[in-house]
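Visitor: Hi, could you walk me through this structure? I'm new to this, so plain words would help.

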Amino acid sequence: MIPNSFDYKKATSVDEAISLLGDDVQILGGGHSLIPTLKLRLNAPGTLVDISKIESLKVIRDNENSITIGGGATHASIAADAALSEHAPMMTQAAKEIGDIQVRNFGTIGGSMAHADPAADWPAVLLACDANVVIQGKGGKREVDIDQFFKGFYETALADGEIITAVRIPKMASNRHSVYVKFKQPASRFAIVGCAVGIEMEGGVVKSARIGMTGVGESAYRAMNVEKALVGQALTAESIEAAVKNVTEGAEVMSDHYASQKYRTHLAHVYVKRALKMLM
Ligand SMILES: Cc1cc2nc3c(=O)[nH]c(=O)nc-3n(C[C@H](O)[C@H](O)[C@H](O)COP(=O)(O)OP(=O)(O)OC[C@H]3O[C@@H](n4cnc5c(N)ncnc54)[C@H](O)[C@@H]3O)c2cc1C
């Protein structure tokens, strides 16, 4: 289908982009979620502000205690980053599994987070990573803890006129010992169920765990009851089986033509167990 007509403005800096934002104006990142909504006429902004040529938003920086990923970094550039692969392998695994090569070359982490599709990969991984989101708008800069960022079905903590300028991934033991697995929708490769796990071990038992689930409910969430049940346990088939019993607790498990509620619930158990066993 053909979208409604709109004005197009290309920003060359974050400040310029922010100055162009306002009523009836929307940010264009990689366009791989926005353009389909325009073509389906689910969305019809008067103006698009293209941020895909802002170089500073594409940078991935290896700092002393964290890795900062620009909001405009593509999935492909994240997949290819050596520091992320060393300090947070679940990020690399997720990036490599998003869509196809065209989607990975255009789609951005900031666009995916702002869109907050319930089946997107980044939300689960960033929850497991304990990431921080750097946001900039007319009122200045602010940082939001990832636990406070995803608010519901396609809903986030972003206010109108704000841009995700970066995501900070802390360098910590649980991110180094991490994995992302998903059961993919075979055409799009969105997650029917996706699970990201980061675990810190000490003295043969789990010291801390963070588990992000996507595709299951209306928004990605942390499986906190599983995290709690694992702490203090050695990672064995038995302790994992016991810990994952309530992995969907608190989530309103979705049902659609790809997977019924019952099947998705089953998949959530299978995939969280699979991820944990990969870290044994
Ligand atoms: C065929 C296909 C397969 C896909 N498969 C997968 C998959 O397997 N897994 C997966 O997770 N995703 C998948 N996607 C989605 C893809 O990852 C998108 O690229 C991503 O969701 C959106 O990023 P974008 O940069 O394209 O954002 P856009 O489409 O440009 O924008 C999406 C929304 O975010 C806003 N926005 C964009 N950038 C920013 C920013 N920096 N700050 C604030 N707001 C911003 C826009 O205004 C818009 O509302 C797929 C998409 C397609 C078309």
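Visitor: Where should we start, and what order do the strands of the open sheet take?

Guide: Let us begin with the open sheet, keeping in mind that this is a predicted model; 3 strands form the sheet in the order 1-3-2, and their pairing is parallel.

Visitor: Which strands are at the edges?

Guide: Strand 1 (7–10) and strand 2 are the edge strands, since each of them pairs on one side only. From one strand to the next, the twist averages 25°.

Visitor: How many bridges join strand 2 to strand 3?

Guide: There are 4 bridges between strand 2 and strand 3, which covers residues 47–50, and the two strands run parallel. If you look at Val25, you will find that it stands opposite Thr47 in strand 3.

Visitor: Okay, new topic: how many residues surround the ligand?

Guide: The ligand is surrounded by 32 residues, and the closest are Gly29, Gly30, Gly107, Gly110 and Gly111. By type, the shell around the ligand divides into 13 nonpolar, 16 polar and 3 charged residues.

Visitor: And which helix gives the most to that shell?

Guide: That is helix 7, with 5 residues. Several elements each supply at least two residues of the shell, among them strand 2 (25–28), helix 6 (101–106) and strand 10 (163–170).

Visitor: Last thing, what are the domains?

Guide: The domain assignment gives domain 1 (7–50), domain 2 (55–170) and domain 3 (173–278), and the C-alpha centres of domain 1 and domain 3 lie 34 Å apart.

Key:
Residues are numbered from 1 along each chain as its sequence is written. This is a predicted model: local features need pLDDT of at least 70, side-chain atom pairs count only at pLDDT 80 or more; totals for chains, interfaces and linings use all residues. A residue is near a molecule or strand if its C-beta atom, placed from the backbone, lies within 6 Å of it. Ala, Val, Leu, Ile, Met, Phe, Trp, Tyr, Cys and Pro count as nonpolar, Asp, Glu, Lys and Arg as charged, and the others, Gly among them, as polar. Domain bounds come from an automatic or database domain assignment. Two strands pair if DSSP finds at least two bridges between them. Axes are lines fitted to C-alpha atoms, for helices over the stretch in contact, and angles run from 0 to 180 degrees between N-to-C directions.
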